[in-house]
Amino acid sequence: MWTSIEDSLCELGESPFWHPQERSLYWLDIPGRAVLRTRGDIGTTGATVERWALPTEPGCMAPARSGGLVIALRDGFYRAREWGGELVAMARVEHDVRTMRFNDGKCDALGRFWGGSLNEAKDRPNAALYCLDARSDTGISPTITQMANQATTANGLAFSPDARTLYWADTAAHVVHAWDWDAEANSLSHARVFQQFDAKPEGWTPASPLHYDGRPDGATIDAQGHYWVAMFEGAQLLRFSPSGERVAAVAVPVQCPTMPCFGGDDLKTLFVTSARKGRPADEIAQRPASGTVIAMRVDTPGLPVSFFED
């Protein structure tokens, strides 16, 4: 059964992760320009949600091993050593910040931070996937590398538990790609379509009889290596085996889920962020959880969050 986290309402929630040391859930409100986190045990008396205002839209973030966060803002990657602390630029990206910003991303198991961009005009596939490597043991200064491109809305980033497959979605194209990934060398090869979803039918609305699965938004991987993806406008999460078989469709009480993650001490709580920005009033009335973080207990645990190494 799904429940909403109290005081978690956002315009467009994204990039959730469970911080095991703090026993807190973190997430972003992109148009609200804020980082949010829970304090206290979720669902108990006295539990609260803290909000930290940012200067521009945050697309994604990850916790850092040495404390604080790494955050992708509109023009590049920034480091904050503590909650509410100074944002120090680590690497900027040469894209037009008038129409481009960062969107989905996370760290890999080796501590590199990945972030994909988004073309707000949605007029051409000029978004890309970047990797920031700031590991001090490499003996080099932070480097940023473009790893993939030709997307309109970067989303669905996830890494297989054996670090041999990387997944990345283009929401606008209704597609999830997969690559063979050499994690140590950080190289991608054998690009292929992992899932291709049908486009939205002309005239579709949530109330119409036309079928629409939604389009792939944020994603995560469970301990069995299954890929969980939030289907924006589809009011569901889909779970796929590593071979690409659809093994589950999980309905959610929001029309526009944006990204799942696993948390709780046993990593068996599935958290999902969602959107309400720009949605019709009747949809919000019918689905009042829209924009909140929803949660449900599941049988298969997820994987712990990967920390940024610097």
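Here are four short exercises with worked solutions on this predicted model.

**Exercise 1. The open sheet**

Task: Work out the strand order of the open sheet of 4 strands, and find which strands are its edges.

Solution: Start with the order, which reads β14-β15-β16-β17, with antiparallel pairing. Next, look for strands that pair on one side only: these are β14 (154-159) and β17 (187-196), the edge strands. From one strand to the next, the twist averages 20°. Now step inside the sheet, where β15 (residues 165-170) and β16 (residues 175-182) pair in the antiparallel sense over 6 bridges. To place yourself in this pairing, take A169 and go across to V176, its bridge partner in β16.

**Exercise 2. Cysteines without a partner**

Task: Find how many disulfides the structure holds, and explain why C60 and C256 are not bonded.

Solution: The count of disulfides is 0. Take C60 and look for the closest cysteine sulfur: it belongs to C107, at 9.2 Å, so the two are too far apart for a bond. A disulfide would need the sulfur atoms within 2.5 Å. Repeat the step for C256, where the closest cysteine sulfur is in C10, 14 Å away, again too far for a bond. Finally, check the surroundings: C60 is buried at 0% relative accessible area, and C256 is buried at 0% as well.

**Exercise 3. Two aromatic pairs**

Task: Classify the ring pairs F77 with F102 and W228 with F262, and say which strands they tie together.

Solution: A ring pair is described by the distance of the centres and the angle of the planes. The model has 18 aromatic pairs. For F77 and F102, the centres are 5.0 Å apart and the planes make an angle of 45°, a tilted pair. F77 belongs to β8 (residues 76-80) and F102 to β10 (residues 100-107), so this pair ties together parts 25 residues apart in sequence. F77 is buried at 0%, and F102 is likewise buried at 0%.

Turn to W228 and F262: with 6.0 Å centre to centre and 80° between the planes, this pair is edge-to-face. W228 lies in β19 (residues 227-232) and F262 in β22 (residues 257-263), so the linked parts are 34 residues apart in sequence. W228 is buried at 7% and F262 at 4%.

**Exercise 4. The setting of H19**

Task: Is H19 buried or exposed, and which residues does H19 touch beyond four places in sequence?

Solution: First locate H19 in strand β2 (residues 13-19). Its relative accessible area is 9%, so H19 is buried. Then list its contacts: S24, Y26, P63 and F307.

Conventions: Residues numbered from 1 in each chain as written. Predicted model: local features only at pLDDT ≥ 70, side-chain atom pairs only at ≥ 80, totals over all residues. Heavy atoms only, no water. Pairing = 2+ DSSP bridges. Helix = DSSP H or I, 4+ residues; strand = E, 2+ residues; numbered from the N terminus. Axes fitted to C-alpha atoms, helices over the stretch in contact; angles between N-to-C directions. Buried < 20%, exposed > 50% of the residue type's maximum accessible area, 1.4 Å probe, protein only. Contact = heavy atoms within 4.5 Å. Phe/Tyr/Trp six-rings, centres within 6.5 Å; stacked < 30°, edge-to-face > 60°.
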